[in-house]
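Here's a quick briefing for anyone opening this structure for the first time. Have a look at the view below, then read on.

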Amino acid sequence: MTASPPLRIGFLGAGRMATALARGWLRAGLATRENVLASDPLQAARDEFQKETSTNALIDNADVVAGSDVLVLAVKPQSMSELLQEIRKFVTKRHLTISIAAGITLHQLADGLGADRRLIRVMPNTPCLIGACAAGFSAGAQASAEDVHLVHRLLNAVGLACQVPEKLLDAITGLSGSGPAFVYVIIEALSDGGVRMGLPRDVATTLAAQTVAGAARMVLETGAHPGLLKDQVASPGGTTIAGLHALEQGGLRAALINAVEAATLRSTELGKSQK
């Protein structure tokens, strides 16, 4: 059986997320350094991408499109319209185009590149820097089953991925896209609590972060409902139920729900503002 040719991946935009994805895919053996390219107008971004991935970063988007089979659109939502206009004449049916820009819809991508283009919209998050991404994606009408399978492989190489209807991607942006920042606040607050009770800062932060990581693994690996796992920790009249009561009094649950809602609505606004 003839081996498949190496996957040629081009990143249009060489920021932190593009760098993280490239590093993850290289580490997983889904791409080789000779077959990864990036472009960015900022010299600092190109330099950092090259340093972190040992690949080439160029200034010309057209050169990256020409040298790639898979394109990752990794620019800010506000820059997407200009990018699509620039590369439209270079993108062909042979390209699988993946957008990771928050709020930019498949319809907008198709309008910008052509309705017959193979398009997939992805919402990753920053923990892909360490191979712990939580991503959602949705495929356009012209994307094939093989395209979907490839994107699933690429995303699972840097974490976990769920395919969802496009209408749910803004909610994924609000939950897992913005969620790491919410969790960092929780870790910082837990650490502050430990310091208030006398722990050294470094010990408090390490224990807070490990507690969050361990609790997350329990949910993922046991498949148990978070409420059930919570109840298993909370003994009658014990320390945990006292703490949970304080969280309810402080409105933590409602605050986190509101945070996801606000981030979701902002993602929707970003997409509409680019029309």
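Strand 6 gives the most to the lining of the second largest cavity, with three residues. Keep in mind that this is a predicted model. From that cavity we'll move on to the other hollow spaces, then the sheet, the helices that lie on it, and a couple of local details.

**The second largest cavity**
- The space inside the second largest cavity comes to about 30 Å³.
- Around it you'll find A101, A102, G103, R121, V122, M123, L169 and T173.
- Besides strand 6, helix 7 also supplies at least two residues of this lining.
- Sorted by class, the lining of the second largest cavity has five nonpolar, two polar and one charged residues.

**The largest cavity**
- How many cavities of 30 Å³ or more does the structure hold? There are two.
- The largest cavity has about 40 Å³ of space.
- Its lining is made up of L21, W25, I98, I100, V122, V151, L154 and L155.
- Which helix gives the largest share of this lining? That would be helix 6, with three residues.
- Helix 1 and helix 6 (145–156) each bring at least two residues to the lining of the largest cavity.
- No polar and no charged residues turn up in the lining of the largest cavity, just eight nonpolar ones.
- V122 shows up in both linings: you'll see it listed for the largest cavity and for the second largest cavity.

**The second largest pocket**
- The second largest pocket has a volume of about 1000 Å³.
- A total of 39 residues line this pocket, and A74, V75, K76, P77 and S79 lie nearest its centre.
- Four helices each supply at least two residues of the lining: helix 1 (16–27), helix 4 (77–87), helix 7 (169–177) and helix 12 (252–273).
- Helix 4 gives the most to this pocket's lining, with six residues.
- By class, the pocket lining splits into 21 nonpolar, twelve polar and six charged residues.

**The sheet**
- Eight strands make up an open sheet with mixed pairing, and their order is 3-2-1-4-5-6-7-8.
- Which strands sit at the edges? They are strand 3 (56–58) and strand 8 (159–163), each of which pairs on one side only.
- From one strand to the next, the twist averages 25°.
- Strand 2 (residues 36–39) and strand 3 run parallel, joined by three bridges.
- If you want to spot one bridge, look at A38, whose partner in strand 3 is A57.

**Helices on the sheet**
- Helix 1 packs on the sheet and touches strand 1 (9–12), strand 2 and strand 4 (70–73).
- The direction of helix 1 makes about 165° with that of strand 1.
- Helix 5 (residues 106–113) lies across four strands: strand 4, strand 5 (96–99), strand 6 (118–123) and strand 7 (133–139).
- Against strand 6, helix 5 runs at about 140°.

**Aromatic pairs**
- The structure has two aromatic pairs.
- One of them is F11 with W25, which is stacked, at 5.8 Å centre to centre and 25° between the planes.
- F11 belongs to strand 1 and W25 to helix 1, so this pair ties together parts that are 14 residues apart in sequence.
- You've met W25 already, among the residues that line the largest cavity.

**A backbone detail**
- Where is S54? Look in the loop between helix 2 (43–53) and strand 3.
- S54 has a phi near 55°, which is a positive value in a residue other than glycine.

Note on methods:
Residues are numbered from 1 along each chain as its sequence is written. This is a predicted model: local features need pLDDT of at least 70, side-chain atom pairs count only at pLDDT 80 or more; totals for chains, interfaces and linings use all residues. Side-chain values use heavy atoms; hydrogens and water are left out. On a 1 Å grid over the protein atoms alone, a cavity is a set of points where a 1.4 Å probe fits but cannot get out, and a pocket is an open set with protein on both sides within 12 Å along at least five of seven lines; lining residues have an atom within 4 Å of a point. Grid points are joined across faces, edges and corners, and a volume is the space filled by probe spheres set on the points. Ala, Val, Leu, Ile, Met, Phe, Trp, Tyr, Cys and Pro count as nonpolar, Asp, Glu, Lys and Arg as charged, and the others, Gly among them, as polar. Two strands pair if DSSP finds at least two bridges between them. Axes are lines fitted to C-alpha atoms, for helices over the stretch in contact, and angles run from 0 to 180 degrees between N-to-C directions. Contact means heavy atoms within 4.5 Å. Rings of Phe, Tyr and Trp (its six-membered ring) pair if their centres lie within 6.5 Å; planes under 30 degrees apart count as stacked, over 60 as edge-to-face and the rest as tilted.
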